[in-house]
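Visitor: I have a structure to read and do not know where to begin. Could you take me through it one feature at a time?

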Amino acid sequence: SCLTKLQLIKINLKGYALNVGHVETSDGVSQRYIQDYHKRSLENTIKKIEDVSVEERIFSALTLPVKLKNTKKVHKAINDFKDQIAKISKSDDYERVYQLSVQYVPLD
């Protein structure tokens, strides 16, 4: 898989194992590569909605009004949430690999 080729995960006798912890893109990464990755993530989610049972997936959305001055606070809260999920999920022996996507985009 792509994740094993990038050496982000490895497969051992127990299943999946994480090779690296948290991965972030740097300012040096092309905007085009990031956009392509986001598109592939969304396309994968669309496929999984039909292929994966509700018990094995969560798709959740929230529409809300916001003040633009709070955008940095929202970004921080989302990043803190991702860090919490990463800590909960950390293990030496994994059974599956999930992708968590949180979208926060303007609708106007």
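**Reading the features**

Guide: At 23% relative accessibility, aspartate 36 counts as partly exposed, and this is a predicted model.

Visitor: Which residue forms a salt bridge with aspartate 36?

Guide: The general idea is a side-chain nitrogen of Lys or Arg within 4 Å of a carboxyl oxygen of Asp or Glu. Here the partner of aspartate 36 is arginine 32, and their closest N and O atoms are 3.6 Å apart. The two residues are separated by about one helical turn, because they are four residues apart in helix H2. Arginine 32 is partly exposed, at 45% relative accessibility.

Visitor: How many salt bridges does the structure hold?

Guide: It holds three. Another one joins lysine 76 to aspartate 80, with the closest N and O atoms 2.9 Å apart. Both residues lie in helix H3, four residues apart, which is about one turn of the helix.

Visitor: Are lysine 76 and aspartate 80 exposed or partly exposed?

Guide: To sort them, take over 50% relative accessible area as exposed, under 20% as buried, and anything in between as partly exposed. Lysine 76 has a relative accessible area of 52%, so lysine 76 is exposed. Aspartate 80 has 35% relative accessibility, so aspartate 80 counts as partly exposed.

Visitor: Which side chains meet in a salt bridge at 2.6 Å, N to O?

Guide: Those of glutamate 56 and arginine 96. Glutamate 56 is in the loop between H2 and H3, while arginine 96 is in the segment after H3, so this pair ties together parts that are 40 residues apart in sequence. Glutamate 56 counts as partly exposed at 35% relative accessibility, and arginine 96 counts as partly exposed at 46%.

Visitor: How should I read the order of the elements along the chain?

Guide: Start from the N terminus and list each helix and strand in turn. The elements of this chain run α-β-β-α-α, with three helices and two strands.

Visitor: What share of the residues counts as buried?

Guide: Of the 108 residues in the chain, 6% count as buried. The accessible surface comes to about 10,200 Å², and 56% of this surface belongs to carbon and sulfur atoms.

Visitor: Which residues make the nonpolar surface patch?

Guide: Leu62, Leu64, Val66 and Tyr104 make a nonpolar surface patch of about 380 Å². Take leucine 64 from this group: leucine 64 is found in the loop between helix H2 (31–51) and helix H3 (71–89). Leucine 64 has a relative accessible area of 43%, so leucine 64 is partly exposed.

Visitor: What separates the C-alpha atoms of tyrosine 104 and histidine 75?

Guide: For this, set the distance in space beside the separation along the chain. The C-alpha atoms of histidine 75 and tyrosine 104 are separated by 8.6 Å, and the residues are 29 apart along the chain. Histidine 75 is found in helix H3 and is partly exposed, with a relative accessible area of 44%.

Visitor: How do I read that kind of separation for the chain as a whole?

Guide: Look at contacts between residues with a separation of 6 or more, and ask what part comes from residues 24 or more positions apart. In this chain that part is 53%.

Note on methods:
Residues are numbered from 1 along each chain as its sequence is written. This is a predicted model: local features need pLDDT of at least 70, side-chain atom pairs count only at pLDDT 80 or more; totals for chains, interfaces and linings use all residues. Side-chain values use heavy atoms; hydrogens and water are left out. Patches are made of residues with over 30% relative accessible area and no salt bridge: like charges are joined within 9 Å, nonpolar side chains (Val, Leu, Ile, Met, Phe, Trp, Tyr) within 5 Å. Accessible areas come from the Shrake-Rupley method with a 1.4 Å probe; for residues, only the protein chains shown count as cover. Buried means under 20% relative accessible area, exposed over 50%, partly exposed in between (1.4 Å probe, protein chains only). Contact means heavy atoms within 4.5 Å.
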